[in-house]
Structures are given as C-alpha cells and as structure tokens.
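Visitor: I've got a few minutes before my gel is done. Could you walk me through some helices and the reasoning behind what you call them?

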Amino acid sequence: MEFDKITVPEEGEPVEVVDADTSEFEVPDTPIIPILYGDGIGTDVGPAAQQVLDAAAQATGRDIAWMRMYAGESAREKYGENLPEDTVEAIRTFRIAFKGPLTTPVGSGFRSLNVALRQRLDTYANVRPTYHLDGVPSPVSNPEQMDMVTFRENTEDVYAGIEWEHDSDEVEEVREFVEKEMGFDDTIHDGPVGIGVKPITEFGTKRLVRRAIDYALEHDRDSVTLVHKGNIMKFTEGQFRDWGYEVAEEEYGDEVITEDTLWEERDGEQPDDAVVVNDRIADNMLQQVLTRTDQYDVLATMNLNGDYISDACGAQIGGLGIAPGANFGDALCLAEPVHGSAPKYAGQDKVNPTAMILSGVIMLEYMGWDDAAELARDAVEATISSKMVTYDLHRQIEGGEKLKTSEFADEIVENIETLA
Ligand code: NAP
C-alpha cells in the first residue's frame, strides 16, 4: 500500500471484505480507519469524536489505528488540490472511513467535494438515523416518538451535477434542443436561464430501495416508505416509486408486503413477520414526520427529498449538532455528520461534537462492534442528561453547564469509563 502523503500506521491492520455482496467484513482488533477532519469545525469535532471512539473501543478490548487523510483546505495546503487521489484511494482500500464536513462555496463554479467523493466512491446510500437522546431539547412535545432512518439516494437526481450556467453556449444549446426537438416551445421563459437535468435510473433506485428493505428486515423495523413527488414529476419521482414497489414485490417473497395488499388481503392488519412497503408524497411526508411521527420507520427517497426530509427529522431530535449520518456503497462505509463546516465557529472549541460521535457510532455498528457503539451512545446520552452540554443545547437547557467541545468529549470519556 503506497500513498503519496498519507502515512499508514504500523500498529494496525486493514479490515478485510469477506463478501462484497452482503458487505460482510472481517474486522481485526486494531483496524486501520482513515479519518478526514475536513474544513471549518471539522478540526474541532473530528479529534473530539476520535477521543470518544478510542475510549469506547478500548473499554471493549480493542483499539483503532487512525490514518489521517486530507481534502478541502488541508489538501490544498498539502497537495495543492482539493480532492487528492490519495484520499479517494485510501477510502477504497480501507473500506470503512470517517469524515468531517467540507466547505462548498455557493455559486463560484466550485464543485461540491462531498458530491464528488460520493460519486467517485459510488457511496449510493446516504443513511441518516434520527432518534432522540434523553435530555436533548426538542421543539416538539414527544421527541421520543422520532425513530426513523432515512435512506437517501446519493448519486443521482438534480444533485448529479448535470447543469449549465445561464448565458453559456451549452445552456443555449440545451434550451434549443428542449424547445425545438422536444417540443416544449412555450415552457421556458425568454431571457437568461440556468438548466439542470434530473436523472433517476432503475439501477440507482433499485439498489437504494433494496438497501432500505434489507435494513428494515435486519433491524426488525415495521415499514419502508417510498417518498416522492410522483404526482408532479411522473417520469422521474413517479418512476422511483414504481421501481421501488417492483423491488418489494419481485425480490422479497413473503418477507415484504405492500400497503395495498395489506388492505386488500389482511384488512390493514400489520403482520408481525413482514415489512410493509408504502409510499407518500414528499410534501405530505414533511407534515407526517411531525404529526404522525411514530407511524414511520424507514424512509427511502431520492437525493433532494432526502436532504430536506432528514434535516426536518433531525430538527426534532436536537438539530444539526446531534444528527448523524453515513454513506454506504457495496462493502464500503464513509461515516459523516449531517452538518456542514459552520466556518464562523471554526477553531473555537465551541460546537457540539455529538453528530460526529454518533456518526462514528454508525461506523462501529457497521464494523460489528455493537458493544462499543452502544457504550459510546449511552455515554453521550448520560452526559447530555446531566446537563453538561455545548453552546447549542445550553441555550435551551435551564440550569445547564456550558462546555467547550473538548470538555464535553472529556465528560463523555469519563462516562464511558463509568458505564463500561
Ligand atoms: P452548517 O455548517 O451545518 O451550519 C449551519 C448552522 O447549524 C450553524 O451556524 C449552527 O447554528 C448549526 N450547527 C452546525 N453544526 C453544528 C455543531 N456541530 N454544533 C452546533 N451547531 C451546529 O451549514 P451551512 O452554514 O449552511 O454550511 C457551511 C458549509 O458547510 C457550506 O460550505 C456547505 O456547503 C458545507 N456543508 C458540508 C456538508 C458536508 O461536508 N457533508 C454538509 C452540509 C454543508 P447556530 O449558529 O444557530 O448555532
């Protein structure tokens, strides 16, 4: 294993893929895990999360050999480019990796490094579990009802990056094609226009929905909801729903049942032993996550809907300082928090590292280290319940103690030692 500017730690071993189709791994007691702190607050939350995950691993008789890699600002300094091949190759080689946020300036022709990473690694499922930890302030009355996992398709939709700038030769060529060749001659207003393309493929849809159903079956969940705007975008979002149902009906036998069949054949009664697949229109779903929170379980949706819905769910369980996530490909996991690089707080040792820590918890679960994952999660919960919190939660908790990022991590580590 040769990298240009990445040093492979001598003390660890790589995880080994046993079966790429089922993402089965052989994880050594000291796996090498690539870590990218990222931009802005990444250098605050990254080391804090590392410290907590180290403590959880050590308390359960293991260790993690971290391997630093670089993208964004740190890569510009080290390599003179934003996303070095070294970094992509390190994740491909070591298969399970951890990253903080990367900055993408709006406009400016600067392509999102996150989108580029997802496309290059083909991490097609962005998974965002939203569950409530005791003691976390919430804008809703019963936040404990929120326990959903959003599977967001990560490589397609309007995020695919197929778009053209107004007044460019390309955009005028596309406009002409759409108007003259495709017959939409009265649809686009005159004057400057930006145009983007929304690809939704059968391949992309089915592998995402398969992953969501597999998760629901493995984790004893009741339902998978396909979320779409198929009433308006029939051939993209509507087709996502139809292909989603096709997977459910054709690939899972009795293990999966559609909502229609449930009503036609079972009078709406949920079977104990099967996952129900249903679908909801995205705008309605944004209401349902608030009004009928406990009725939903696993959501499967396209890129843009998934971005909105998972943030809306995240608001109910404490917001961006809390909400974790991970990107999955075939036998590949890149865990990362939902939040961005919050540049105004960078380097202040101020922000909440919980989202980054809980993203690490997803990674530990994927490694099969369920005991370490549970310990880390419980220790975070114990710390917040005792009202020792960072600024974001402190402003909502009466009588709370405001801690810095690093002090909060120290408290969690102490709780790990007590709980272990
Ligand atoms: P953001 O960085 O997520 O920050 C928005 C606000 O969320 C912050 O001002 C803060 O709110 C709160 N917040 C975020 N992380 C927090 C934490 N760990 N603890 C406590 N509060 C936290 O969103 P943004 O300002 O829209 O985006 C900044 C940059 O990040 C952009 O370049 C964007 O493209 C990028 N981004 C990257 C990723 C990624 O790498 N996956 C994801 C999203 C955005 P208050 O000020 O109200 O306390």
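Visitor: How do you know what end-to-end distance helix α6 should span?

Guide: Bear in mind that this is a predicted model. Helix α6 covers residues 202–218, and at 1.5 Å a residue its 17 residues should span 24 Å. The end C-alpha atoms are 24 Å apart, so the two values agree.

Visitor: Which residues of α6 are buried?

Guide: To count as buried, a residue needs under 20% relative accessible area. In α6 that includes Gly204, Leu208, Val209 and Ile213, and also Lys206, Arg207 and Arg211. Just after α6, Asp220 has a positive phi of about 55°.

Visitor: What makes you call α1 largely enclosed by the rest of the structure?

Guide: Of its 18 residues, 13 are buried, so the description follows. Helix α1 spans residues 42–59, for which 26 Å is expected; its end C-alpha atoms are 25 Å apart, which agrees. Just after α1, Gly61 takes a positive phi of about 80°.

Visitor: Why are α3 and α4 called oblique to each other?

Guide: They pack at an angle of about 50°, with axes 11 Å apart. Roughly parallel would need under 35 degrees, and roughly perpendicular starts at 65. The angle fits neither, therefore α3 and α4 are oblique. The crossing is right-handed.

Visitor: Which residues make that contact?

Guide: From α3 come Glu85, Val88, Ile91 and Arg92; α4 supplies Leu117, Arg120 and Leu121. By type, that's 4 nonpolar and 3 charged, with no polar ones.

Note on methods
Residues are numbered from 1 along each chain as its sequence is written. This is a predicted model: local features need pLDDT of at least 70, side-chain atom pairs count only at pLDDT 80 or more; totals for chains, interfaces and linings use all residues. Side-chain values use heavy atoms; hydrogens and water are left out. Axes are lines fitted to C-alpha atoms, for helices over the stretch in contact, and angles run from 0 to 180 degrees between N-to-C directions. Helices (H or I, at least four residues) and strands (E, at least two) are DSSP runs, numbered from the N terminus. Angles under 35 degrees count as roughly parallel, over 145 as roughly antiparallel, 65 to 115 as roughly perpendicular and the rest as oblique. A crossing is left-handed if the near helix is turned anticlockwise from the far one by less than a right angle, and right-handed if clockwise. Contact means heavy atoms within 4.5 Å. Ala, Val, Leu, Ile, Met, Phe, Trp, Tyr, Cys and Pro count as nonpolar, Asp, Glu, Lys and Arg as charged, and the others, Gly among them, as polar. The expected span of a helix is 1.5 Å times one less than its number of residues. Buried means under 20% relative accessible area, exposed over 50%, partly exposed in between (1.4 Å probe, protein chains only).
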